[in-house]
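Please find below some notes on the charged residues and backbone of this structure, set out as numbered points. They are meant to be read alongside the coordinates.

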Amino acid sequence: MQTKTMAAGGYHYIPGVMQYSAGVAALDGYRIVRARFFDVVPMEEGFERIATHLREIGRPLQAFCACELRSPGQFTEEGFAAFNTLYAETLIAWNIMEGDDNPVARSNICPEIGAPEEPGFHAFCYTVKDEDAPKTFAIAGSGEVPEGKANYRDHIVRPGETGPDAIREKAAFVLDEMERRMGFFGGKWADTTAAQIYSVHDIHTLIETELGPRGAHRNGFSWHYNRPPIVGLEYEMDCRRVFDEIIL
């Protein structure tokens, strides 16, 4: 599999599933910027604010290349499919997505405490022109299950188990997937500027057994006391190489 180019947006991406690409990287002459909302913004309003921000800085809607969502709680597989269809409507209207080919990378997780009342945006990424830009990329979130299967439940790593050994195996799968995705852009942990972990389980032992030995700890971690979006998943990560981050 090879990356595909979203020329109008100034980035290329790893083809994934309908709801998201597996990661994005800026094309030569562009860099990725990450903007975080001070509070979670409901999805419809969030799209409007993203569109306004892009217009204000002179960028097309297609420059929108990644986002981080927050949801009230984990979805059933059927509920997740319905949510993804609704989410994709805006990407289609913005001429970003065609058919099931979705260039936009995404994480969508569920705060265990203080969850929003409805799905919304925590952060988003977009490209800006910069002839001297360093390499930048944003890797989509992954839980402990391969994408592209007929369902999630039959393919989860150590399904129904949350003991230390099971969480270690789940984390190892996710770390492998982060490394695989970064590899499409010639990236590795030493290139990242940030890594985020989403789990309600104790991750401390993972620092010595999984995260540290790979070098994933180089910038520390943002540990979000959140769950992955699908019932049955227990551990998720994403990572990025982004030098410009703002709060809106």
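1. A salt bridge joins D191 to K188, and the closest N and O atoms of this pair are 3.6 Å apart. The model is a predicted one, and the distances and accessibilities in this note should be read in that light. With a relative accessible area of 13%, D191 is classed as buried, because the cut-off for that class is under 20%.

2. The pair just described belongs to a wider set, since a search of the whole structure finds 21 salt bridges. Among the residues that take part, R158, E161, D165, R168, E169, D176, E179, E210 and R214 are linked with one another in a network of salt bridges.

3. Within that network, the salt bridge between R168 and D165 can be examined more closely, its closest N and O atoms being 3.5 Å apart. The two residues sit three positions apart in helix α3, and so about one helical turn separates R168 from D165. Neither end of the pair is classed as buried: R168 is partly exposed, with a relative accessible area of 30%, and D165 is likewise partly exposed, at 42% relative accessibility.

4. Which residue forms a salt bridge with E77? The partner is R153, and the closest N and O atoms of the two side chains are 3.4 Å apart. This salt bridge links distant parts of the chain, given that R153 lies in the loop between β8 (137–143) and α3 (164–183), whereas E77 belongs to helix α2 (residues 77–93), with the two positions 76 residues apart. R153 itself counts as exposed, because its relative accessible area is 52% and the class begins at values over 50%.

5. Another member of the network of salt bridges, R158, deserves attention for its backbone. Although R158 is not a glycine, its phi is positive, at about 50°; the residue is placed in the loop between β8 and α3 and counts as partly exposed, at 22% relative accessibility. The value is worth a look because most residues other than glycine have a negative phi.

6. N95 also has a positive phi, of about 60°, without being a glycine. N95 is located in the loop between α2 and β6 (105–111), and at 58% relative accessibility the residue counts as exposed.

7. On the surface, E44, E45, E48, E117 and E118 form a negative patch. One of these residues, E44, lies in helix α1, which covers residues 43–56, and E44 counts as exposed because its relative accessibility is 63%.

8. Is I57 buried, partly exposed or exposed? I57 is partly exposed, with a relative accessible area of 37%, and its place is in the loop between α1 and β5 (64–70). Leaving aside residues up to four places away in sequence, I57 touches Y126 and V128. I57 and R168 are 111 residues apart in sequence, and their C-alpha atoms are 43 Å apart in space.

Technical notes
Residues numbered from 1 in each chain as written. Predicted model: local features only at pLDDT ≥ 70, side-chain atom pairs only at ≥ 80, totals over all residues. Heavy atoms only, no water. Patch = residues over 30% accessible without salt bridge, like charges linked within 9 Å, V, L, I, M, F, W, Y side chains within 5 Å. Areas by Shrake-Rupley, 256 points an atom, 1.4 Å probe, with all protein chains shown as cover. Salt bridge = Lys/Arg side-chain N within 4 Å of Asp/Glu carboxyl O. Lys, Arg positive; Asp, Glu negative; His and termini not counted. Charge placed at Lys NZ, Arg CZ, Asp CG, Glu CD. Helix = DSSP H or I, 4+ residues; strand = E, 2+ residues; numbered from the N terminus. Buried < 20%, exposed > 50% of the residue type's maximum accessible area, 1.4 Å probe, protein only. Contact = heavy atoms within 4.5 Å.
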